[in-house]
Amino acid sequence: MSHDVFEDELRTLLRGATEAENPAFHDIDTTEVLGSGRRVVRRRRMAAAGAALAAVTVVGIGSWAALDGSSDRALEVPATRTSAPSVRPVTALLEPFSDLSSSTDGEPLAIPGPQRVGVRIAPGGTPDLEYLAVGADGSTSMLGGSSLDGVPALASTWGTAGPDAHVLVGVLPEQAEEFQLVTPMSDEGGHASTSARAPLAGTGRQAFAVRFEVAGDADTVQHLLWWDGRGTVHDETGAVVPAVTLDDAERTVVFVSEDLDRMGTFSADGGQSMMELDGSRNSSGRPFLGSGRGTGDRIDGLFAAVVPAGTTAGTFTPAAGTVVEDPLTIAPVPGTDLAVLWTRYSYPAAPEGPGYRSITWDEGGRTVTERP
């Protein structure tokens, strides 16, 4: 039988099978199909991240002990591809991590694990994404491997060395100016960490790493948010997160992610903050964040609350010594039915306090008041 005859018979059989099942497809809801598709993509993306973590855990079990500063023992991975890579490997060696200091005596903490890491992208390799420990002499040893297969250009991926790891290593899109990790919130506040980044030239990505004070913190990272420096915030899948740029001197970006139960800020001067939406509700019942930064005897404060679209700004009543820099303003969050009510002010560093006595606004004829 020729190939042509076989193909004709195959087409006939497929057409018959399709026509027989046709009645079952008349009541499909395309909206539901699209929604299911998005959910499948999200689950697949998170599964890919989980696979990366598992790969690093397995490979990295004995890696910490091997980092003696002179080792250059990369893991031997069985080759499964015979074609040569179309692009040469690109390696980024990040700067050594900054020391983390003890909160009691200020002395540098002795933290296990590598003091410096790197990332290598090797198109066509197995794996094509390698996480590296860098010795004092610049030599490298492999901590673990993952894959960039199926990771979109605007997505990020990372790995750790197991449940007691102090270090997380991964890649971000090259457009990322700043990033924040989404970890479980606690009433005690977060633990100290330090980070480093370096470009992976020609790949459209950059390497990043975070070193944590407490063992196991690296493995609690659930999501990642990054900002492109122009007002757009993305999550680790590359999807856009609702955000608005405030008209303050810092051009602060406030993002609101109901999916991740987080709100927070990015700004060009490096200022960042993040709070739970459900866990940050003020006396008015609206989620808000209040941040303050400064040196000397003055603190620069920001109040930002998530309110319904259509809200009208009311009155900011300052505490003694507070100076209002930006009056209460409503900034709608594009693509949502939400808005951000915000103000900037400065206040004395002592006595302690948020710098205001009350803040009011109007939600559809109902006056809402926030008090510290």
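## The S8–S9 hairpin

Strands S8 and S9 make a hairpin, with four residues between them. Glycine 202 sits in the turn and has a positive phi of about 80°. The model is predicted. S8 covers residues 193-200 and S9 covers 205-212. Their pairing is antiparallel and runs over eight bridges. Two of the residue pairs can be named. Arginine 197 has phenylalanine 208 of S9 as its bridge partner. Alanine 196 has alanine 209 of S9.

Leucine 200 belongs to this hairpin as part of S8. Leaving out residues up to four places away in sequence, Leucine 200 touches Val90, Thr91, Ala92, Val119, Ile121, Val171, Arg205, Gln206 and Ala207.

## Confidence and overall make-up

The mean pLDDT of the protein is 79, and 75% of its residues reach 70 or more. Over residues 1-15 the pLDDT is below 50, and this stretch has two contacts in the model beyond near neighbours in sequence. Residues 17-86 also stay under 50. For residues 17-86 the model has 73 contacts beyond four places in sequence.

The protein has 372 residues, and 41% of them count as buried. It has three helices and 23 strands. Take the contacts between residues at least 6 apart in sequence: 58% of them join residues at least 24 apart. The accessible surface comes to about 19,600 Å². Carbon and sulfur atoms account for 52% of that surface.

## The sheet S5-S6-S9-S8

Where does the hairpin fit in its sheet? S8 and S9 belong to an open sheet of four strands, in the order S5-S6-S9-S8. The pairing is antiparallel. S5 and S8 stand at the edges with a single partner strand each, so one side of each has no neighbour in the sheet. Neighbouring strands are turned by 15° against each other on average, direction ignored.

On its other side, S9 pairs with S6. This antiparallel pairing runs over seven bridges. Glycine 170 has phenylalanine 208 of S9 as its bridge partner. Phenylalanine 208 is thus bridged to arginine 197 and to glycine 170.

Is S9 covered or open? Eight of its eight residues are buried. Both faces are covered. Arg205, Ala207, Ala209 and Arg211 lie on one side, and Gln206, Phe208, Val210 and Phe212 lie on the other.

## The sheet S1-S2-S3-S4

Another open sheet has four strands in the order S1-S2-S3-S4, with antiparallel pairing. S1 and S4 (140-146) stand at the edges, each with a single partner strand, so one side of each is left without a neighbour in the sheet. The twist averages 25° from one strand to the next.

Inside this sheet, S2 and S3 pair in the antiparallel sense over five bridges. Glycine 118 stands opposite leucine 132 in S3.

## The nonpolar core

The largest nonpolar core has 22 residues. Which residues have the most contacts inside it? They are Leu94, Val117, Val119, Leu129, Val169 and Leu200. The elements giving two or more residues to this core are S1 (90-93), S2 (117-121), S3 (129-134), S6 (167-173), S8 and S9. In soluble globular proteins, nonpolar side chains tend to be buried together.

Leu200 also touches Val119, another of the residues with the most contacts in the core.

## Two loop residues

Histidine 166 lies in the loop between S5 (157-160) and S6. Is histidine 166 buried or exposed? Its relative accessible area is 11%, so histidine 166 is buried. Leaving aside neighbours within four places in sequence, its contacts are Ile111, Pro112, Val210, Arg211, Phe212, Glu213, Val214, Ala215 and Ala218. Among them, Val210, Arg211 and Phe212 are buried residues of S9.

Glutamine 115 is found in the loop between S1 and S2. Glutamine 115 counts as partly exposed because its relative accessibility is 43%. Beyond four places in sequence, glutamine 115 is in contact with Pro96, Phe97 and Arg211. Arg211 is thus a contact of glutamine 115 and of histidine 166. Glutamine 115 and alanine 136 are 21 residues apart in sequence. In space they are 8.7 Å apart, C-alpha to C-alpha.

Key
Residues are numbered from 1 along each chain as its sequence is written. Side-chain values use heavy atoms; hydrogens and water are left out. A nonpolar core is a set of buried Ala, Val, Leu, Ile, Met, Phe, Trp, Tyr and Cys residues joined through side-chain atoms within 4.5 Å. Buried means under 20% relative accessible area, exposed over 50%, partly exposed in between (1.4 Å probe, protein chains only). Contact means heavy atoms within 4.5 Å. Two strands pair if DSSP finds at least two bridges between them. Axes are lines fitted to C-alpha atoms, for helices over the stretch in contact, and angles run from 0 to 180 degrees between N-to-C directions. pLDDT is the predictor's confidence in each residue, from 0 to 100. Accessible areas come from the Shrake-Rupley method with a 1.4 Å probe; for residues, only the protein chains shown count as cover.
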